[in-house]
Amino acid sequence: MQAHKTGLKPTCREVHRLVSEGLDRKLSVVERIRMRLHLVVCDACTRFNGQMSLLRRAMHSFPPLDGEGGEGGAAEVKYKPHKPRGPK
Ligand SMILES: [Zn+2]
């Protein structure tokens with residue numbers, strides 16, 4: 001009785017793999033459905049999935065580390081929030 005090895009209920013490990021692979025390639029419909037089904041019932045994997053998409057978004061917003069365009073006004077703005085200079 002080992003019918004549910006590749007049943008509709010993937011294990012956490014498989015879902016983690018699917019989530020990671022989903023960043024590199026397009027998952028098939030079946031894979032996505034199985035992932036979805038598992039995420040509905042598994043908090044841990046839901047969190048994992050959220051972190052992965054956060055990571056992916058962060059990676060996309062980071063400039064490529066080619067040593068080009070190192071300086072820009074954007075970084076400076078971060079350090080200096082708008083501080084109105086009141087007259088003394
Ligand atoms: Zn899980």
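Start by selecting V15: discounting residues up to four places away in sequence, V15 touches P10, M35, H38 and C45 (contact means C-beta atoms, placed from the backbone, within 7 Å). Bear in mind that this is a predicted model, where local features need pLDDT of at least 70, side-chain atom pairs count only at pLDDT 80 or more, and totals for chains, interfaces and linings use all residues. Numbering runs from 1 along each chain as its sequence is written.

Next, add L18, V19, M35 and C45 to V15, and you have the largest nonpolar core, five residues in total. Such a core is a set of buried Ala, Val, Leu, Ile, Met, Phe, Trp, Tyr and Cys residues joined through C-beta atoms within 7 Å; buried means 20 or more other C-beta atoms within 10 Å of a residue's own. Helix α1 (residues 12-24) supplies the largest share of this core, three residues. Across the 88 residues of the protein chain, 9% count as buried.

Now zoom out and colour by helix. The protein chain has four helices and zero strands (DSSP runs: H or I, at least four residues, for helices; E, at least two, for strands).

Then show α1 with helix α3 (residues 43-61): they pack at an angle of about 15°, axes 10 Å apart, the axes being lines fitted to C-alpha atoms over the stretch in contact, with angles from 0 to 180 degrees between N-to-C directions. That makes α1 roughly parallel to α3 (angles under 35 degrees).

Last stop, the interface: C12, V15, H16, V19, S20 and L23 in α1 meet A44, C45, F48, N49, M52 and R56 in α3.

Key
Buried ≥ 20, exposed ≤ 12 C-beta atoms within 10 Å, placed from the backbone. Contact = placed C-beta atoms within 7 Å. Parallel < 35°, antiparallel > 145°, perpendicular 65-115°, else oblique.
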